[in-house]
Number of protein chains: 2
Amino acid sequence: MGNNQDIEVLIALMAKLPGLGPRSARRAVLQLIKRRDILLAPLADALFNVAQSARECTNCGNIGTADICEICTNPKRAIAQICVVEDVADLWAMERSGVFKGRYHVLGGSLSALDGIGPDELRIPHLVNRTKGENITEVILALNATVDGQTTAHYIADQLEDQDISVTSLAQGVPIGGELDYLDDGTISAALNARKAV
Amino acid sequence: MGNNQDIEVLIALMAKLPGLGPRSARRAVLQLIKRRDILLAPLADALFNVAQSARECTNCGNIGTADICEICTNPKRAIAQICVVEDVADLWAMERSGVFKGRYHVLGGSLSALDGIGPDELRIPHLVNRTKGENITEVILALNATVDGQTTAHYIADQLEDQDISVTSLAQGVPIGGELDYLDDGTISAALNARKAV
């Protein structure tokens with residue numbers, strides 16, 4: 001290659017990032033080296049900072065820089081609602097919508113018999129403890145509309161049955177901007193079944 | 001966002017890499033944090049190393065970790081041939097093919113009247129000096145088959161005319177594995193004009 005060990009190591013690591021392959025990693029590294037002062041050095045610093053500071057919130061499982069994350073410590077957020085998501089990425093997606101003002105609980109995945117993931121591999125027992133300890137009135141299940149996600153939703157609903165909590169889930173239907181012609185049959189039938197008066 | 005400053009800074013920087021946008025940068029950063037020990041920390045180290053060590057070869061313009069790159073110092077490489085490329089990425093692409101055993105000269109771009117890039121913005125004067133100083137017999141122009149690339153090729157050929165050097169360029173034609181049906185007219189007519197006996 002005529003380029004050095006250090007650079008090859010960097011390319012190999014970059015190629016492990018989701019969304020980059022060996023070729024685009026090579027392109028990204030060249031770009032980094034060309035823009036050393038405004039991109040390479042700041043990126044190295046930012047990575048070090050995050051490596052030092054990032055941690056999981058011990059309460060909800062969100063990723064932040066404190067033991068208890070900003071959402072859990074924010075006094076403006078409703079304490080009575082917990083939104084259950086599979087992954088931190090889902091939590092961030094919910095936050096981008098900006099509609100939910102309660103707190104979260106990140107499961108860390110979904111139940112999967114195939115992958116041998118049971119309730120104890122996820123943070124489901126912890127969720128049940130939270131609903132008992134804090135004064136929760138509603139648990140919103142914002143899980144993926146996949147088989148595993150829905151299995152997990154049913155399991156959690158079962159676990160919370162004996163508590164005086166309303167358990168809800170996200171509505172299913174036609175996505176905003178969606179065209180019927182491009183939707184799958186399952187979505188259309190779900191939307192039809194959940195139809196509402198105009 | 002409920003996630004911290006450090007993490008947001010990292011996401012913003014990652015989103016500047018070619019091939020990553022804001023959404024895929026977010027996904028990459030989550031992946032990095034989840035795989036802190038095997039990905040995040042090594043990547044931070046690798047970036048620091050490259051930020052420290054990467055430099056342009058003062059002879060050919062390749063990027064390496066010494067003032068004169070490995071290719072220029074390699075005694076096994078033919079000293080009489082110089083392959084002229086627009087960019088370091090092109091040099092790396094040539095090296096991947098493994099066929100060329102001479103040395104390189106990276107121009108750093110191509111002539112472009114629109115962008116105001118003239119011969120002095122590129123390393124063309126330096127190339128002319130090299131051909132005079134070293135015992136060069138052939139200059140291979142491996143420039144992109146674009147208008148700017150071909151303009152640059154003609155200009156360089158002109159500059160080297162008075163020296164006793166053969167100036168060649170990469171053949172144009174059907175790429176290996178290419179299907180005629182998917183090729184543009186220009187490529188087909190170039191391949192037809194340069195046809196050879198079987």
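In this predicted model, helix H5 of chain B gives the most to the lining of the largest pocket, with four residues. That pocket has a volume of about 700 Å³. Its lining is made up of 22 residues, and those nearest the centre are B:Met94, B:Leu143, B:Leu170, B:Ala171 and B:Gln172. Two or more lining residues also come from strand E5 (138-141) and helix H7 (147-160) of chain B, as they do from helix H5 (88-97) of that chain. Sorted by class, the lining of the largest pocket holds 14 nonpolar, seven polar and one charged residues.

A second pocket can be described in a similar way. The second largest pocket encloses about 460 Å³ of space. It is lined by 19 residues, with A:Ala142, A:Leu143, A:Asn144, A:Ala145 and A:Leu170 closest to its centre. Helix H5 (88-97) and helix H8 (185-193) of chain A are the elements that give two or more residues to this lining. The largest share, four residues, is that of H5(A). In the lining of the second largest pocket, ten residues are nonpolar, eight are polar and one is charged.

H5(A) also takes part in the packing against a sheet. This helix lies across strand E3 (81-85) and E4 of chain A, and runs at about 160° to E4(A). The sheet itself is open and has four strands of chain A, in the order E4-E3-E5-E6, with parallel pairing. At its edges are strand E4 (103-106) and strand E6 (166-169) of chain A, each of which pairs on one side only. From one strand to the next, the twist averages 25°. Strand E5 (residues 138-141) of chain A runs parallel to E6(A), and four bridges join the two. Within this pair, A:Leu141 is found opposite A:Ser169 of E6(A).

The two chains meet where one helix of each packs against the other. Helix H1 (residues 5-14) of chain A packs with helix H3 (residues 36-53) of chain B at an angle of about 145°, and their axes are 9 Å apart. The crossing of H1(A) and H3(B) is left-handed. On the chain A side, the contact involves A:Asp6, A:Ile7, A:Val9, A:Leu10, A:Leu13 and A:Met14. Their partners in H3(B) are B:Ile38, B:Leu39, B:Pro42, B:Leu43, B:Ala46, B:Leu47, B:Asn49, B:Val50 and B:Ser53. Taken together, the residues of this contact comprise twelve nonpolar, two polar and one charged.

Key
Residues are numbered from 1 along each chain as its sequence is written. Chains are lettered from A and ligands numbered from 1 in the order in which they are written. This is a predicted model: local features need pLDDT of at least 70, side-chain atom pairs count only at pLDDT 80 or more; totals for chains, interfaces and linings use all residues. Side-chain values use heavy atoms; hydrogens and water are left out. On a 1 Å grid over the protein atoms alone, a cavity is a set of points where a 1.4 Å probe fits but cannot get out, and a pocket is an open set with protein on both sides within 12 Å along at least five of seven lines; lining residues have an atom within 4 Å of a point. Grid points are joined across faces, edges and corners, and a volume is the space filled by probe spheres set on the points. Ala, Val, Leu, Ile, Met, Phe, Trp, Tyr, Cys and Pro count as nonpolar, Asp, Glu, Lys and Arg as charged, and the others, Gly among them, as polar. Axes are lines fitted to C-alpha atoms, for helices over the stretch in contact, and angles run from 0 to 180 degrees between N-to-C directions. A crossing is left-handed if the near helix is turned anticlockwise from the far one by less than a right angle, and right-handed if clockwise. Contact means heavy atoms within 4.5 Å. Two strands pair if DSSP finds at least two bridges between them.
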